[in-house]
Amino acid sequence: MTSNDALDAARTAILSGRTSLGIELGSTRIKACLIGEDPADVLSVGSHEWENQFVDRVWTYSLADVWTGIQAAHAALVADVEKQYGVRLESYSAVGVSAMMHGYLAFDAAGEQLVPFRTWRNTTTGPAATELTELFGVNIPLRWSIAHLHQAVVDHEPHVAQLDFITTLAGYVHWQLTGRKVLGVGDASGMFPIDAATADYDAELLARYDGLVAESAPDLNLAALLPTVLVAGQPAGELTAAGAALLDPTGALRPGAVLCPPEGDAGTGMVATCSVAPRTGNVSAGTSIFAMVVLERPLKKVHHELDLVTTPAGDPVAMVHCNNGASELAAWAGMFGRFAAASGNPVASDAVFDALFREALDGDADAGGLLAYNHLAGEPIAGLTEGRPLFVRTPDSRLTLANFMRAQLYGVFGTLSLGMRVLAEEGVELDAMFAHGGLFRTAGVAQRFLAGALDAPVSVAETASEGGAWGIAVLASYTAATASGVDVDLDGYLRERVFVGQEFETVAPDPVDVAGFADYLDRYHAGLAVERAAVDTL
């Protein structure tokens with residue numbers, strides 16, 4: 001197909017509404033991604049930057065900012081489509097919404113928000129998480145929705161008596177677009193434990209919870225508060241006229257598109273890397289960093305370092321989730337960029353990252369004895385209730401720019417590697433590990449260091465930087481395909497329709513990097529005492 005033929009095909013698909021839209025609300029950016037009839041074909045993207053706020057010691061986003069950001073990202077997409085194809089976007093065949101998992105959005109019977117959104121980043125739920133882990137016999141991390149709810153019960157928060165519905169950020173946006181209170185099973189698995197046999201909330205654990213709070217919150221019926229669980233491919237409602245107006249206040253967008261179940265960023269990361277089958281896994285690196293490993297068998301015991309969640313199709317997954325990812329690295333890059341500008345030689349942001357990342361390749365395998373801690377927020381795996389970003393060196397460390405940058409990149413993978421050690425001790429084996437996110441845009445750098453950190457080959461696809469917005473657009477297209485009679489499971493759809501012919505760049509671990517990172521991680525683990533002291537004193 002010539003470039004003109006491709007342009008004509010894209011224009012026809014857009015005009016006839018045979019496209020799928022994916023919207024993902026990430027930690028620092030809201031992104032809209034448009035794909036064509038071929039789900040591997042990204043036609044356009046639009047984005048809007050936003051930031052969480054730390055208000056009254058709670059990490060939060062306002063719901064007003066949610067809609068301002070979605071509308072801005074969608075408007076940028078529409079403008080790009082007009083610029084590229086000379087046509088106006090007026091309809092979609094399918095739409096999907098994804099967002100950061102976990103957290104706590106609570107509403108009363110009138111649909112009014114009861115308390116500010118408590119995001120995954122908050123670590124104030126320790127007593128609740130500990131009690132629930134013991135009650136359920138399943139690890140309940142601090143960021144899970146049930147931990148936030150139970151902490152509110154334990155703290156006798158007045159809003160508990162008014163609760164009618166709790167959901168995640170993706171579930172909330174989907175609700176507003178369709179009127180349906182549903183959630184994809186992957187996102188739901190970060191709210192409350194899922195029964196693998198039913199792909200629904202674990203009924204026995206729901207009953208245990210209601211029994212636990214029978215006296216302190218007698219009117220609370222947990223099952224009635226949670227969104228209905230759906231699996232990938234099931235229709236999850238249609239874009240209403242009110243929903244279309246929320247996406248596009250100009251009124252040009254028509255309602256009627258089918259929506260797929262809303263999913264979390266973990267699920268869309270698995271889709272975006274074709275890693276939904278057992279013995280596959282992926283690492284997603286952004287403001288947070290997490291690894292998802294699809295399991296062949298149940299784990300032998302409970303580990304506080306691991307979440308048990310699911311793929312968008314409901315298959316069990318071990319998740320190593322770290323609250324802190326690349327934000328501290330980005331702050332340092334911003335400072336170097338400002339230095340370049342102050343010196344009279346301004347450099348574009350992407351070029352700053354590219355230069356710094358490539359410099360790291362010349363660093364010592366162990367980062368010269370330097371240590372970088374990226375903990376802006378608390379980090380449960382590392383035993384930290386609050387974050388204190390630190391750069392640490394000893395008098396005999398080798399302080400060079402290359403070692404500094406290698407230490408910063410190693411620091412992004414530090415806490416993740418502590419959790420991955422636990423999976424290795426469980427005997428979990430992987431055939432393939434994929435990576436995605438903006439961290440991997442500079443070819444061969446972060447990917448190489450991650451391979452060394454995991455001592456495993458790491459693959460990156462051409463679409464890696466598109467990430468979860470493309471992943472949820474693919475899930476939307478899968479729902480449209482199943483509605484039209486396509487009978488294939490999600491893994492088959494990805495392998496046969498999305499990733500067929502797509503190239504992955506695979507980097508094998510360098511033994512020198514493996515040994516160097518192992519030395520770094522030993523020092524990193526020992527140096528957490530410095531982090532804990534900083535939390536206690538600063």
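**Strand 16 and its surroundings**

Colleague: How many of the residues of strand 16 are buried?
Modeller: In this predicted model, strand 16 is largely enclosed by the rest of the structure. Ile 289, Ala 291 and Val 293 point one way from the strand, while Phe 290, Met 292 and Val 294 point the other way, and all of them are buried. The strand is described as largely enclosed because the count of buried residues is six of the six.

Colleague: Which residue in strand 18 stands opposite Met 292?
Modeller: Strand 16 pairs with strand 15 (residues 280-285) in the antiparallel sense through five bridges, and on that side Asn 282 stands opposite Met 292. Strand 16 also pairs with strand 18, again antiparallel, over six bridges. On the strand 18 side, the residue opposite Met 292 is Met 319.

Colleague: Through how many residues does a hairpin join strand 15 to strand 16?
Modeller: Strand 15 covers residues 280-285 and strand 16 covers residues 289-294, and the two run antiparallel. The hairpin that joins strand 15 to strand 16 passes through three residues.

Colleague: Which strands stand at the edges of the sheet, each with a single partner strand?
Modeller: The sheet is open, has seven strands with mixed pairing, and follows the order 17-18-16-15-21-22-23. Each edge strand has a single partner, so one of its sides is left without a neighbour in the sheet. Neighbouring strands are turned by 30° against each other on average, direction ignored. The strands at the edges are strand 17 (307-310) and strand 23 (504-507).

Colleague: At about what angle to strand 16 does helix 10 run?
Modeller: Two helices that lie across strands of this sheet can be described together. Helix 14 (residues 446-454) lies across strands 15, 21, 22 and 23, and runs at about 150° to strand 22. Helix 10 (residues 265-272) lies across strands 15, 16, 17, 18 and 21, and its angle to strand 16 is about 65°.

Colleague: Which helices do the buried residues of helix 16 pack against?
Modeller: Helix 16 (residues 490-498) has Leu 490, Asp 491, Gly 492, Tyr 493, Leu 494 and Val 498 buried. These buried residues pack against helix 10 and helix 15.

Colleague: Which helix gives the most to the largest nonpolar core?
Modeller: The largest nonpolar core has 68 residues, and those with the most contacts inside it are Leu 149, Tyr 209 and Leu 220. Leu 149, leaving aside its neighbours within four places in sequence, is in contact with Tyr 104, Leu 163, Ile 166, Tyr 209, Leu 220, Leu 222 and Leu 225. A second, separate core of 59 residues includes Leu 356, Tyr 373, Ala 407 and Met 433. In the largest core, the helix that gives the most, with nine residues, is helix 15.

Colleague: Which residue's backbone oxygen does the side chain of Ser 98 reach?
Modeller: Ser 98 lies in strand 6 (residues 94-99) and counts as buried because its relative accessibility is 0%, under the cut-off of 20%. Beyond four places in sequence, its contacts include Ile 23, Ala 170, Gly 264, Thr 268 and Ile 472. At 3.4 Å, the side chain of Ser 98 reaches the backbone oxygen of Gly 264.

Colleague: Is Ala 402 buried or exposed?
Modeller: Ala 402 is found in helix 13 (residues 401-425) and, not counting residues up to four places away in sequence, touches Glu 359, Ala 360, Asp 362 and Gly 363. Between Ala 402 and Phe 290 there are 25 Å in space, C-alpha to C-alpha, and 112 residues in sequence. Because its relative accessible area is 6%, which falls under the 20% cut-off, Ala 402 is buried.

Colleague: What radius of gyration does the chain have?
Modeller: The chain contains 17 helices and 23 strands, and its C-alpha atoms fill a box of roughly 70 × 65 × 45 Å along the principal axes. Of its 538 residues, 57% count as buried, and among contacts between residues at least 6 apart in sequence, 73% join residues at least 24 apart. A compact globule with 538 residues would have a radius of gyration near 24 Å, and the chain agrees with that, at 23 Å.

Key
Residues numbered from 1 in each chain as written. Predicted model: local features only at pLDDT ≥ 70, side-chain atom pairs only at ≥ 80, totals over all residues. Heavy atoms only, no water. Helix = DSSP H or I, 4+ residues; strand = E, 2+ residues; numbered from the N terminus. Buried < 20%, exposed > 50% of the residue type's maximum accessible area, 1.4 Å probe, protein only. Contact = heavy atoms within 4.5 Å. Pairing = 2+ DSSP bridges. Axes fitted to C-alpha atoms, helices over the stretch in contact; angles between N-to-C directions. Core = buried A, V, L, I, M, F, W, Y, C linked by side-chain atoms within 4.5 Å. Polar contact = N/O pair within 3.5 Å; in protein donor to acceptor, adjacent residues only side chain to side chain. Rg over C-alpha atoms; globule rule 2.2 N^0.38 Å.
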